Structures are given as structure tokens and as C-alpha cells.
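Got your viewer open and a selection box ready? Let's walk through this one stop by stop.

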Amino acid sequence: YFFNNFLRFMTEGYLEITFGAVLNVYSMRAGSPVESISLVLSILFALVCVVFPFMAFALIYDKRKEIFDKNEDYLRKYGMMYDHFKDDRSWYHLQFYPTFLIRRLVFVICLVLFEGYPELQCNIFITSSLLALTYLIGLQPFKDKVNNVLMIINETCLLLVGFLQVVFTTDIKTKSLVDITGWIMIAICSTNVLANFAISVVVNVKARIAKCKSSKVVEPEPEPDNTNMFRSTFVLNQSIVKSAVSSQTLTQEEAKQNVKIKGKSRFS
């Protein structure tokens, strides 16, 4: 369905689209016709990106009854936004993507509008990351436990990196401190990537093993049905008995006829 494809496109490319649109609007250059067209398109995309998270939030909240009742038509149209999350009558489990997009919108605004205030940028980043981590640990919105673990690991690594960024915003810093902080940040990011890769490999291998085992299970062969065999044997025995009786009857009749013929011949 078109809506699912559009929602997936906006969710996956939201950060890049929003950053490019807001940055182009912030630069405000409309000297040539090409720049004017680019500015108008940037304004349109920026408006769509600003409205989209709140629209998704309102849509999921307003249609929560259809989601809880597992409406198939609604699932085909908008299922991408909520199908992977718990639907145990708690609508805030379904609001992961809208909150995720709102956080990216705040991140883009901080980068563009607060360019000269790195301390404020770090504080906003740490606060948003802490709120997101609290949401993930407290609610664990995904149906799959592996996804919950992966998201908590990712958010924890982001929070640690956010705390380490404060070092670069202070006036009291030396080259050795900056180098050590940079290497720690690289180690955290590398650990995050390796952890995601290892968990994904383990999950895929377990799924393949389970699939192979299920395919190797041979269904037991059905026991032979002897009813038809017994029935056919019984019918055959009946036919044999009937044929034997009929042949014996014929033999007796032939004997009687022979006796009659012999008696007539003697009489004559």
C-alpha cells in the first residue's frame, strides 16, 4: 500500500531530509530562479518534516481502537508504524516512531539554530537521550525482546558519547585529555557496532537452525487400513463358496438327468 511505503520512506530518511531542508531554509538565498525554486521546495519539505511526527502521533492515538482490534485494512495501510510494537491496550507502546522522529527533529534544530552554543547542544542531546533511554527501559515497546535489548544498548552508547562531548566544550582541556576522550568515544561506537552485529548473527543462526530442524522432521506414515483388505477377502470367500455350491448343484442335477435317461432307455 502507498501509505506504508511513504511512512517507511519518511521514517528511514527523516534525519537527512529534515537536516537538508532546515539548513537550506536557514541559509535563505533566493538570488536566482534556481535558488528560489530550491528555497520553496526546502520550505515545503521542512513543513512536512515538522508536521509529520505530530501527525503520526495523533493518527496512532486516534486510531488506537482499530489497532487494538487488529483491523486488517488499517494494518495494510499504516501497519509499518505500529506492527512491531506491543498492542496490549497501552497506546504509549505504539508511539515509539513518533517520539523517535520528534527527537531527530530536535537534534536537527539544535545543530542548525544553536550553532554557536555547543554547551546548550550537548545538554539538549543528553536530555533527549536520557528521556529516550528511560522510555525504552520502562516500557520496552517492541514485541521482540532482542529488539528491546538492541535499542537499549544503542541508546546507552549514545548517552555515554553525549556525556563525553562535554569535554570538548570546556575551556579547561589538554591535548592528552582530548585524545583519550576521542579514543574512548571510538571504542564505544565500535563496541556498539560489534554488539549489534553479534546479536544479529546469533539470532539469524538460531532461526536458520530451527528452520532446518523443522524441515527435517518427517511426518509419521499413516497405518495401513486393513478394513478394505478384510472386506475384499470376505467377498472373495463368499464368491468362492457360491461358485462351489453352484457347481455342486449343477453336478447333482446332471446326475439326476443321467439317471432319468438311463431309466427311459431300459424301459424302452
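How many helices and how many strands does the chain have? Switch to a cartoon view and count: there are 10 helices and zero strands. Keep in mind as you look around that this is a predicted model. Read from the N terminus on, the elements go α-α-α-α-α-α-α-α-α-α. If you colour the 268 residues of the chain by accessibility, 25% of them come out as buried.

**Stop 1: helix 3 and a surface patch**

Select residues 33–62, which make up helix 3. Now show the side chains of I37, V40, L41, L44 and F45. Together these five form a nonpolar patch on the surface, and their accessible area adds up to about 480 Å².

Zoom in on L41, one of the patch residues. Is L41 buried, partly exposed or exposed? Its relative accessible area is 44%, so L41 is partly exposed; the partly exposed range runs between 20% and 50%.

Stay on helix 3 and pick L39, which is also found there. L39 has a relative accessible area of 12%, so this residue is buried. Then add Y26 to the selection: L39 and Y26 are 13 residues apart in sequence, with their C-alpha atoms 9.7 Å apart in space.

Next, click on I43, another residue with its place in helix 3. I43 counts as partly exposed because its relative accessibility is 34%. Draw a distance from its C-alpha to that of V22 and you should get 7.8 Å, for a pair separated by 21 residues in sequence.

**Stop 2: helix 3 and its partners**

Two packed helices are described by the angle between their axes and the distance between the axes. Let's use that here.

Select helix 2, residues 14–27, along with helix 3. The axes of helix 2 and helix 3 are 8 Å apart, and the two pack at an angle of about 130°. That angle makes helix 2 and helix 3 oblique to each other. Rotate the view to look at how they cross: helix 2 passes helix 3 in a left-handed crossing.

Now hide helix 2 and show helix 6, residues 96–113, instead. At what angle do the axes of helix 3 and helix 6 cross? The answer is roughly 160°, and the axes come within 9 Å. Angles over 145 degrees count as roughly antiparallel, so that is how helix 3 and helix 6 lie to each other. This crossing, of helix 3 past helix 6, is left-handed too.

**Stop 3: the salt bridge**

Keep helix 6 on screen. The structure holds one salt bridge, and R103 and E155 are the residues that form it. The pair links distant parts of the chain: R103 sits in helix 6, E155 sits in helix 8 (residues 145–169), and their positions lie 52 residues apart in the count. Show both side chains and measure in your viewer from N to O: the closest such atoms are 2.6 Å apart.

Are the two partners buried or exposed? R103 has a relative accessible area of 19%, which makes it buried. E155 is buried as well, with a value of 6%. The cut-off for buried is under 20%.

**Stop 4: an end of helix 1**

Jump to E12, found in helix 1 (residues 2–12). E12 counts as exposed, because its relative accessibility is 54%. Then select L101 with it: E12 and L101 are 89 residues apart in sequence, but 9.8 Å apart from C-alpha to C-alpha.

**Stop 5: helix 7 and the loop after it**

Select residues 118–139 to bring up helix 7, and pick out L130. L130 counts as partly exposed, at 44% relative accessibility. Add L158, and you have a pair 28 residues apart in sequence whose C-alpha atoms are 9.3 Å apart in space.

Last, where does Q140 lie? Look in the loop between helix 7 and helix 8. Check the backbone there: phi of Q140 is near 45°, a positive value in a residue other than glycine. Q140 is partly exposed, with a relative accessible area of 35%.

Note on methods: Residues numbered from 1 in each chain as written. Predicted model: local features only at pLDDT ≥ 70, side-chain atom pairs only at ≥ 80, totals over all residues. Heavy atoms only, no water. Patch = residues over 30% accessible without salt bridge, like charges linked within 9 Å, V, L, I, M, F, W, Y side chains within 5 Å. Areas by Shrake-Rupley, 256 points an atom, 1.4 Å probe, with all protein chains shown as cover. Salt bridge = Lys/Arg side-chain N within 4 Å of Asp/Glu carboxyl O. Helix = DSSP H or I, 4+ residues; strand = E, 2+ residues; numbered from the N terminus. Buried < 20%, exposed > 50% of the residue type's maximum accessible area, 1.4 Å probe, protein only. Axes fitted to C-alpha atoms, helices over the stretch in contact; angles between N-to-C directions. Parallel < 35°, antiparallel > 145°, perpendicular 65-115°, else oblique. Left-handed = near helix turned anticlockwise from the far one by under 90°.
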